[in-house]
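Let's go through some labels people put on protein structures and check how each one is earned. Have a look at the model first, then we'll start asking.

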Amino acid sequence: MFPEIDTPAVLIDLNVADRNIAKFQAHCDAHGLKLRPHIKTHKLPLLAKAQVAAGAIGITCQKVSEAEAMIAEGDIEDVLITFNIIGAEKLRRLRALSERVKLSVVADSKAVVDGLSEAFATHSIALDVLVECDTGAMRCGVTSPDAAAVLASYIDKKPGLTFAGLMTYPPAGDEAGVQAWLTKAAEAAADHGLSVRVISNGGSPGMWQAQDVPIATEYRIGTYIYNDRSLVARGVCTWDDCALSVLATVVSVPAKDRAVIDCGTKVLTSDLLGLDGSGHVLDRPDITVAGLSEEHGVLTAPHINLTVGERVRIVPNHACVVSNMLDEVVLVRGTAIEKAQRVAARGRVW
């Protein structure tokens, strides 16, 4: 199994990734929904360009530094950053970024808005700002539709800024609740005399229900390009849809029911996402990835039937974090190796 590749290694099957891009783009096209993929899953400009080439309107980034890495090659023209941007240095770089791409950001408080306004008040380019809304996922966001309208009105009056719309990361499985929440917020904004141009919704767990929030104008989605064990567990995809896997070597078989591999939390990550075990061993559903330390992974099964030097491929619980663990991934197509690829936005967390 890929004897040319040293382990541990992260493999990306481009055949599967391409298929995932095309499949969800077709779903959005069929429902008249604009697609804005989140690049935090892959952190690779070549895949961002593939997503845009397939029909995406632009990309989503989580941090300013991610956006800088993704536009460095000059092929991405529209970026939404879905994180409260705070601090003079980040705001300085955000302003510089706005001169290179069509840029929009989010905010959920007057404090964040004030910082954005101070940075852009004397700029020739007004910054589009969406109000982040907590529609039930209990992360960032204003917590009521009325509060969304009040903050939208505040943005509209601040120099250097333009109120552009609403944004939410929704709770999975409550499309009706999200639709009702965002409808009330849009109506409340209209009562303040504001036009809501963009309503940005999305997340991979609810991808096939994207159309069930029809008030949304665009859908943001990240993990779909690779998929992972957490999405298989939700019934969103199958193992055949998982483009990212970790190639590992068995380094010890200390007992008939236990083997140890050469990757731990520094590759597979410690994310459980409510699951038992730390990944799925392809072609060996009887094996559990039972424990991880930094460099060791412990595999268990009633009869492990593995030997030292043997290789396994593991679909991680959470692909997005794995993308940020290594400097490079290996691009493959089926059983053919294409090349090693530097992860351009690896470590871009500020």
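Q: How many disulfides does a search of the whole structure find?
A: Zero. A disulfide here means a pair of cysteine sulfur atoms within 2.5 Å. Before we go on: this is a predicted model, where local features need pLDDT of at least 70, side-chain atom pairs count only at pLDDT 80 or more, and totals for chains, interfaces and linings use all residues. Residues are numbered from 1 along each chain as its sequence is written, and side-chain values use heavy atoms, with hydrogens and water left out.

Q: Why is C28 not in a disulfide with the closest cysteine, C237?
A: The sulfur of C28 is 16 Å from the one in C237, so that's too far for a bond. C320 has a similar story: its closest cysteine sulfur is also in C237, 12 Å away and too far for a bond.

Q: What makes C28 count as buried?
A: Buried means under 20% relative accessible area (exposed is over 50%, partly exposed is in between; 1.4 Å probe, protein chains only). C28 has 1%, so it is buried. C320, with 6%, is buried as well.

Q: How many aromatic pairs does the whole structure hold?
A: Three turn up. Rings of Phe, Tyr and Trp (its six-membered ring) pair if their centres lie within 6.5 Å; planes under 30 degrees apart are stacked, over 60 edge-to-face, and the rest tilted.

Q: Why is the pair of F24 and Y219 called tilted?
A: The centres are 5.9 Å apart, and the planes make an angle of 50 degrees, so "tilted" is the label that fits. F24 sits in helix α1 and Y219 in strand β9, 195 residues apart (helices are DSSP runs of H or I with at least four residues, strands runs of E with at least two, numbered from the N terminus). Both F24 and Y219 are buried.

Q: What makes F24 and Y224 a tilted pair too?
A: Here it's 5.7 Å centre to centre and 55 degrees between the planes, so tilted again. Y224 lies in the loop between β9 and α8, so its pairing with F24 in helix α1 ties together parts that are 200 residues apart in sequence.

Q: Which residues do ring pairs link into a cluster?
A: F24, W208, Y219 and Y224.

Q: How do you know that K63 sits over the ring of F83?
A: The rule asks for NZ of Lys or CZ of Arg within 6 Å of the ring centre and within 35 degrees of the ring normal. K63 lies over the face of F83, at 4.6 Å from the ring centre. The charged end of K110 sits over the ring of Y154 in the same sense, 5.0 Å from its centre.
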